[in-house]
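Grab a pen and work through these exercises with the model open beside you. Each task comes with a solution that goes step by step.

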Amino acid sequence: MAGNGNSPCSGPLPGPFTSTRVAAKPTSKGGFSRRSFLKGSGAAVAATAVATHGEEAQAQENAANVVRGPKEITLNVNGEDRKVSVEPRMSLLEVLRQQLYLTGCKDLQDVYVDGADTVMIDGKAVYAGLVFALQAEGKKIRTVESLRQGRNVDPVIDGFVKHDGMQCGYCTPGFVVATRVFLDQHPTASLEEVQQGLGGNICRCGTYDGITKCALELAKGGA
Ligand code: FES
């Protein structure tokens, strides 16, 4: 298609880039004249100045909105509104563990496991270590602790026990939460769907077989 004028490389770039890119006119010799080059450069500089001014204004507006010190917020955790004081840098995981003492979710990002910090946010499985606490304000957060209320134990927990899916225990709460969320979303899941759906949790203990059996058994019974 090259040479017909419709090649992706032959025309101006689409979208916002077109406004700041200035093409110099080719001379009769096939090159670029100094005059057209200077005209093009001047327009480019002007366009850049306009863009820079806009970016500066945006940066100033962003800076005015930045939260600097600790901020009092309310997090809805396991059905209760909990007041916490958080710095902007704090993850939800830190706040859950260190301020609310919900230690089921674990911080194991640096030891070759993944998903040990899984919690539910608005019904979705989320790594609490990758969410700022401030971002979780106004959402419904559930931790593994919510899956047992006195004698009421979620069937996923029973299933982990029955099929020996507990592993050494560190990643287990995150796996339990991920399995609960997965079954809520896929109550009649197949083996392939279970393997894919729980793929975000990785653990050295590797009792994946027991966890898979638990999930499949619950899926067979309608979760
Ligand atoms: S290392 Fe994950 S449960 Fe043991």
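**Exercise 1.** Work out what share of the protein's residues counts as buried.

*Solution.* Start with the cut-off: a residue is buried if 20 or more other C-beta atoms, placed from the backbone, lie within 10 Å of its own, exposed if 12 or fewer, and partly exposed in between. Apply that to the 223 residues and 26% come out as buried. Keep in mind that this is a predicted model, where local features need pLDDT of at least 70 and side-chain atom pairs count only at pLDDT 80 or more, while totals for chains, interfaces and linings use all residues. Residues are numbered from 1 along each chain as its sequence is written.

**Exercise 2.** List the helices and strands in sequence order.

*Solution.* Use DSSP runs, numbered from the N terminus: H or I of at least four residues for a helix, E of at least two for a strand. That gives six helices and seven strands. Reading along the sequence, you get α-β-β-α-β-β-β-β-β-α-α-α-α.

**Exercise 3.** Put the five strands of the open sheet in order and find the edges.

*Solution.* Two strands pair if DSSP finds at least two bridges between them. The order is then E2-E1-E5-E3-E4, with mixed pairing. E2 and E4 each have a single partner strand, so they stand at the edges with one side lacking a neighbour in the sheet. On average, neighbouring strands here are turned by 45° against each other, direction ignored.

**Exercise 4.** Trace the partners of E3 on both sides.

*Solution.* First take E4 (residues 124-127): four bridges join this strand to E3 (residues 118-121), and the two run antiparallel. Threonine 118 has tyrosine 127 as its bridge partner. The two strands form a hairpin with two residues between them, and aspartate 122 in the turn has a positive phi of about 50°. Next take E5 (residues 140-142), also antiparallel to E3 and joined to that strand by two bridges. There, methionine 120 stands opposite arginine 142. Finally, add helix H4 (residues 172-185), which packs on the sheet and touches E3 and E4; the helix direction makes about 35° with that of E3. Such angles run from 0 to 180 degrees between N-to-C directions, using lines fitted to C-alpha atoms, for helices over the stretch in contact.

**Exercise 5.** Which strand do the buried residues of H2 pack against?

*Solution.* Pick out the buried residues of H2 (residues 92-99): Leu92, Leu93, Val95, Leu96 and Arg97. Then look for contacts, meaning C-beta atoms, placed from the backbone, within 7 Å. They lead you to strand E2 (80-86). Just after H2, tyrosine 101 takes a positive phi of about 55°.

Technical notes:
Two residues are in contact if their C-beta atoms, placed from the backbone, lie within 7 Å.
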